[in-house]
Amino acid sequence: MNIIKVKNYEEMSRMAAHILAAQVIGKPDSVLGLATGSTPIGIYDCLAEWCKNGEVDFSKAATVNLDEYRGLDHSNDQSYYYFMNKHLFSRINIDPSRTNVPDGTEPDPVKESKRYEALIKELGGIDIQLLGIGHDGHIGFNEPNSIFDKETHCVDLTEMTIEANKRFFESIDDVPRQAYTMGIGTIMSARKILMVVTGEDKADIVAKAFYGEVTPEVPASIIQFHPDVTVICDEAALSKC
Ligand code: GLP
């Protein structure tokens, strides 16, 4: 694992954006695995700016997002599709038909999970997967568990995640209780993994996930086993390592 320490959120965002931009410049038809949450917003701002300046061209790229709340449609401003469109897709020259997010409105979890896995395979797999990390060590919405879930599936969100994500909703009752997420196997099959972590509130989980034992109780710990991982952390996030 390549763990890079940077000063602050801005440096983290720029460095991660450079890695993603280099991927697309080197391979214009790259498949980018993308993430939501507040952490990647600065990365998307950089990519949007560089695309506007003509420095990166996304016209041949495709994207697959990690996860989506179950029950929310694209027009819902809390859906991850809406988030991606607002922060990235509408600001770069990507073909909208090549941007993919699990379909939160599909009522049949088995059908949607299979469709999403097949879609990733059809695209030729993920070239680089961007990840954030939840306070309990979740990646995508793979919550602490007794096993590592392999493929895309529907999950029940933990109280900790519902609590952490309530800041985006009017009230905690509006936070969906379930989500579709790529599985740990889906994430691990990406050719490269790029994780970004910021803030002191993530310091405990960073120490556990990257310097502790690999266990499904800390889902992010699995990336210690991936052959090509870059983790960019700011000083605060690394303060307990
Ligand atoms: C959500 C997303 C994760 C994300 C996590 C952390 O639960 N499903 O993909 O990594 O939040 O979000 P933040 O970056 O806001 O701390």
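These numbered points describe a predicted model of one protein chain with a ligand.

1. Overall fold. The protein chain is built from 7 helices and 10 strands. Its radius of gyration is 17 Å, close to the 18 Å that the globule rule gives for 241 residues, so the chain is as compact as a globular protein of that length. Along the principal axes, the C-alpha atoms fill a box of roughly 45 × 45 × 35 Å.

2. Burial and contacts. Buried residues make up 44% of the 241 in the protein chain. Contacts reach across the sequence: among those between residues at least 6 apart, 79% join residues at least 24 apart.

3. Domain record. UniProt, in an unreviewed entry, lists residues 26-224 under "domain: Glucosamine/galactosamine-6-phosphate isomerase". Over that stretch the chain is 28% helix and 16% strand. The C-alpha atoms at the two ends of residues 26-224 are 26 Å apart.

4. Active-site record. The unreviewed UniProt entry places the feature "active site" at Asp67, Asp136, His138 and Glu143. Two of these residues, Asp67 and His138, are taken up in the next points.

5. Asp67. This residue belongs to strand β4, which covers residues 67-69. Asp67 has 23 other C-beta atoms within 10 Å and is therefore buried, the cut-off being 20 or more. Leaving aside neighbours within four places in sequence, Asp67 is in contact with Tyr80, Pro102, Gly140, Phe141, Ala179, Tyr180, Thr181 and Met182.

6. His138. Here the setting is a loop, the one between β6 (128-131) and β7 (153-156). His138 is buried as well, because 25 other C-beta atoms lie within 10 Å. Not counting residues up to four places away in sequence, His138 touches Glu143, Thr161 and Pro219. Glu143 is itself one of the positions in the UniProt "active site" feature.

7. Ligand shell. There are 14 residues around the ligand, and Gly37, Ser38, Thr39, Gly132 and Gly134 come nearest. By class, the shell holds 4 nonpolar, 9 polar and 1 charged residues.

8. Nonpolar core. The largest nonpolar core has 65 residues, of which Leu20, Leu47 and Met195 touch the most other members. With residues up to four places away in sequence not counted, Met195 touches Leu131, Ile133, Ile223 and Val231. Leu131 falls within β6 (128-131), the strand before the loop that holds His138.

9. Pro109. Helix α4 (residues 109-122) contains Pro109. With 15 C-beta neighbours inside 10 Å, Pro109 counts as partly exposed. The C-alpha atoms of Pro109 and Tyr180 are separated by 7.8 Å, although the two are 71 residues apart along the chain. Tyr180 also appears among the contacts of Asp67.

10. Ala203. This residue lies in helix α7 (residues 203-211). Ala203 has 18 C-beta neighbours inside 10 Å and so counts as partly exposed. Leaving aside neighbours within four places in sequence, the contacts of Ala203 are with Ala236, Ala237, Ser239 and Lys240. Ala203 and Leu119 are 84 residues apart in sequence, and their C-alpha atoms are 35 Å apart in space.

Key
Residues numbered from 1 in each chain as written. Predicted model: local features only at pLDDT ≥ 70, side-chain atom pairs only at ≥ 80, totals over all residues. Helix = DSSP H or I, 4+ residues; strand = E, 2+ residues; numbered from the N terminus. Rg over C-alpha atoms; globule rule 2.2 N^0.38 Å. Buried ≥ 20, exposed ≤ 12 C-beta atoms within 10 Å, placed from the backbone. Contact = placed C-beta atoms within 7 Å. UniProt positions renumbered as here; feature names shortened; annotations may be inferred. Core = buried A, V, L, I, M, F, W, Y, C linked by C-beta atoms within 7 Å. Near = placed C-beta within 6 Å. Nonpolar A, V, L, I, M, F, W, Y, C, P; charged D, E, K, R; others polar.
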